[in-house]
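Colleague: I should be grateful for a close look at one part of this model. Please take a single helix and describe its packing, then place that description in the context of the whole chain.

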Amino acid sequence: MWVLLAIAVVVVGFALRLNSMLVVTAAGIVAGLIGGLSPVKILNAFGDGFAGSRSVTVFIVTLPVIGLIERYGLQQQARKLIGKLKVLTTGRLLAIYLLIRQGTAALGLTSIGGPAQAVRPLIAPMAAGAAERRYGPLPEKLQEKIKGFSASADTVGLFFGEDIFVAIGSILLITGFVDATYGLQLEAIDIALWAIPTGICALLIHGTRLLLLDRQLDKLHAAVKADNEQVTR
């Protein structure tokens, strides 16, 4: 049970807004020391984990390509495209992306979207373009709020969608840990089936939040406009 103190390290570190990589590393070291591992074994565990998950860093290869297409006007074209589709508001666009992201993740296609591949070059500019069509030039406060909700649509969709796919790493980790620790024969399909109600709830709850985003933007834009008028006076 003392090993769970590592979770407290993560909570405190994130609450203090420290570097996430340092916080997770410190939590791993704390868990290893409490578990009776020597510093050498802890270092070996970090090395084995990095060597076994090198595929996680494959997305770095795509960054130069994304940078090039952004340089040649990808974001501007995305804004122009969404400007022509008057039916799509910022909230509706992000809700549709949430549905697509969660649906594809449930089928095991977790690499289709992502902050680097989709949110920054496409989804966030399109969401901002929909807002600009409605409100005109956006103040920084509105831009940051739209960026945050764009990232949340991707994160929530992936997090609650991938566990529905049987062969995802998180499910295999859970089954392996439970079987080895408690001697149970836990089937991956059972975890995936139990993840479906949670995924549906996440889709409905966060989808509703995204659809209500338009009202929030209306109020925020009105407040920012009023503040600007007071400053000019």
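Modeller: The account below begins with the whole chain, turns to helix α6 and its partners, and ends with some other sites.

The model is a predicted one. Its protein chain contains eleven helices and zero strands, and 30% of its 233 residues count as buried. Among the contacts in the protein chain with a separation of 6 or more, 70% are between residues 24 or more positions apart.

Helix α6 spans residues 90-106. Two of its packing partners are considered here, α8 and α10. Two packed helices are described by the angle between their axes and the distance between the axes. For α6 and helix α8 (residues 140-162), the angle is about 25° and the axes are 7 Å apart. An angle under 35 degrees counts as roughly parallel, so α6 is roughly parallel to α8. The crossing in which α6 passes α8 is right-handed. On the α6 side, the residues that meet α8 are Thr90, Leu94, Tyr97, Leu98, Arg101, Gln102, Ala105 and Ala106. They face Ile146, Phe149, Ser150, Ala153, Asp154, Val156, Gly157, Leu158, Phe160, Gly161 and Glu162 in α8. By class, the contact of α6 with α8 comprises eleven nonpolar, five polar and three charged residues.

The second partner is α10, which covers residues 188-211. The axes of α6 and α10 come within 8 Å and cross at roughly 165°. Angles over 145 degrees count as roughly antiparallel, which means that α6 is roughly antiparallel to α10. This crossing of α6 and α10 is also right-handed. From α6, the contact uses Gly91, Arg92, Leu94, Ala95, Leu98, Leu99 and Gln102. From α10, it uses Gly199, Ile200, Leu203, His206, Gly207, Leu210 and Leu211. The residues of the contact of α6 with α10 divide into eight nonpolar, five polar and one charged. Leu94, Leu98 and Gln102 appear in the contact with α8 and again in the contact with α10.

The two contacts can now be related to the core. In soluble globular proteins, nonpolar side chains tend to be buried together. The largest nonpolar core of this model has 26 residues, of which Leu94, Tyr97, Leu138, Ile146, Leu210 and Leu217 touch the most other members. At least two residues of this core come from each of α6, α7 (115-135), α8, α10 and α11 (213-232). The largest share, nine residues, is supplied by α7. Apart from this core lies another, of five residues, including Ile168, Ile171, Ile191 and Ala192. Within α6, Leu94 belongs to the contact with α8 and to the contact with α10. Tyr97 is one of the α6 residues that meet α8. With neighbours within four places in sequence set aside, Tyr97 is in contact with Gly113, Gly114, Ala118, Val119, Ile123, Ala153 and Asp154.

Further along α10, alanine 195 offers another point of reference. Alanine 195 counts as buried because its relative accessibility is 12%, below the 20% limit for that class. Its C-alpha atom is separated by 9.1 Å from that of glutamate 162, 33 residues away along the chain. Beyond four places in sequence, alanine 195 is in contact with Asp163 and Ile164.

A further helix pair lies at the start of the numbering. Helix α1 (residues 5-15) and helix α2 (residues 20-34) have axes that come within 8 Å and cross at roughly 160°; they are therefore roughly antiparallel to each other. α1 passes α2 in a right-handed crossing. Leu5, Ala6, Val9, Val10, Gly13 and Phe14 of α1 make the contact with Ser20, Val23, Val24, Ala26, Ala27, Val30, Ala31 and Ile34 of α2. The contact of α1 with α2 comprises twelve nonpolar, two polar and no charged residues. Glycine 13, in helix α1, is buried, with a relative accessible area of 5%. Glycine 13 touches Leu18 and Val23, not counting residues up to four places away in sequence. Arginine 17 is found in the loop between α1 and α2 and is exposed, with a relative accessible area of 78%. Most residues other than glycine have a negative phi. Arginine 17, although not a glycine, has a positive phi of about 60°.

Key: Residues numbered from 1 in each chain as written. Predicted model: local features only at pLDDT ≥ 70, side-chain atom pairs only at ≥ 80, totals over all residues. Heavy atoms only, no water. Axes fitted to C-alpha atoms, helices over the stretch in contact; angles between N-to-C directions. Helix = DSSP H or I, 4+ residues; strand = E, 2+ residues; numbered from the N terminus. Parallel < 35°, antiparallel > 145°, perpendicular 65-115°, else oblique. Left-handed = near helix turned anticlockwise from the far one by under 90°. Contact = heavy atoms within 4.5 Å. Nonpolar A, V, L, I, M, F, W, Y, C, P; charged D, E, K, R; others polar. Core = buried A, V, L, I, M, F, W, Y, C linked by side-chain atoms within 4.5 Å. Buried < 20%, exposed > 50% of the residue type's maximum accessible area, 1.4 Å probe, protein only.
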